[in-house]
Amino acid sequence: MLSIKKYAAIDIGSNAVRLLISNIIEEKGKPVLFKKNSLVRVPIRLGADVFIKQKISKENTQRILDTMLAFKLLMKSHKVVKYKACATSAMRESSNGKKIVDLVLKHSDISIDVIEGEEEAAIIAATDLNKFIDDNKTYLYVDVGGGSTEFSIIHRGKQETSKSFKIGTVRLLNDMVKKEAWEELEHWIKTSVKNYDKIDVLGSGGNINKIFKISGKALGKPLTYFYLSSYFHLLQSYSYEERITELSLNQDRADVIIPAMRIYLSAMKWSGSKYIYVPKIGLADGIIKSIYYDTVSSNTQ
């Protein structure tokens, strides 16, 4: 008997807000399949408000309310049966974050969980990586966001440790990351990988997905440190406007892609990794999985 349900994940990040709708395909005797059905991304960039002025502006508050209402209607049209909305760094640090969460609930009946960095890292790392990784290898998983970056060590298919750092693309664009934060990250990476012989990096986030797409590599094949470093220098040789007109980057991607690459390259350098794999998954995928497994466990109790 085949069962197909639709679940949705809303990821309210510091750079963009996303709605992911996935088909959950269950067939007796077979493992459950999670198949992406639709992805909508709105580049509101809440972090530009919060990291500078500590609060979300009136304009972006209205944009969030409009976006959540639109997401609510899209979920209704898709006949989504379950959803979960999570907000990360910007909403977490905003002085009016709780007020906006309450307004969204009143305006669109969407309940938002404001999650801590460590929970964010755990949700991302719990994503089913088995089809992307080799169980005999060790990986440093790097998920770059606008406000923070989540790091996890995955050894023989299991998450060993994870940590969230307030080093994100929007913070870097606004020159809000101190030298001490980079030093703390360098120390954490070097300490976390020192007991492993060889490390590969797993990269997630919109920027590395874009770079992977541009590279033309087949899914499952890694990018090299040399390729990433060369492309980083190429991007820096173009102005913001040229990255939009000549490299065909979206305007909300053309600026954050450079600080994102700086984070990935630093992670590769400090872990001694020559390769970065790009599985094209992130927080929204992890949220979908968490909804499903929470439902399964509650049904079996």
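This is a short talk about two buried residues in one helix and about a crossing of two other helices.

Hi everyone. What we have here is a predicted model, where local features need pLDDT of at least 70, side-chain atom pairs count only at pLDDT 80 or more, and totals for chains, interfaces and linings use all residues. Numbering starts from 1 along each chain as its sequence is written, and side-chain values use heavy atoms, with hydrogens and water left out.

Let's start with helix H2, residues 58-78, which holds Asn60; helices here are DSSP runs of H or I, at least four residues, numbered from the N terminus. Is Asn60 buried or exposed? Asn60 is buried, at 7% relative accessible area, and buried means under 20% with a 1.4 Å probe, protein chains only. Its side chain makes a polar contact with the side chain of Asp49, at 2.9 Å (a pair of N or O atoms within 3.5 Å, one able to donate a hydrogen and the other to accept it). Beyond four places in sequence, Asn60 is in contact (heavy atoms within 4.5 Å) with Ile44, Arg45, Leu46 and Asp49.

Thr67 also lies in H2. Thr67 is buried, with a relative accessible area of 9%, and touches Val17, Val42 and Ile44, again leaving out residues up to four places away.

Now for the crossing. The axes of H8 (residues 206-215) and H11 (residues 257-271) come within 9 Å and cross at roughly 90°; axes are lines fitted to C-alpha atoms over the stretch in contact, with angles from 0 to 180 degrees between N-to-C directions. H8 contributes Asn207, Ile208 and Ile211, and H11 contributes Ile257, Ala260, Met261 and Tyr264. Thanks, everyone!

Note on methods:
Buried < 20%, exposed > 50% of the residue type's maximum accessible area, 1.4 Å probe, protein only.
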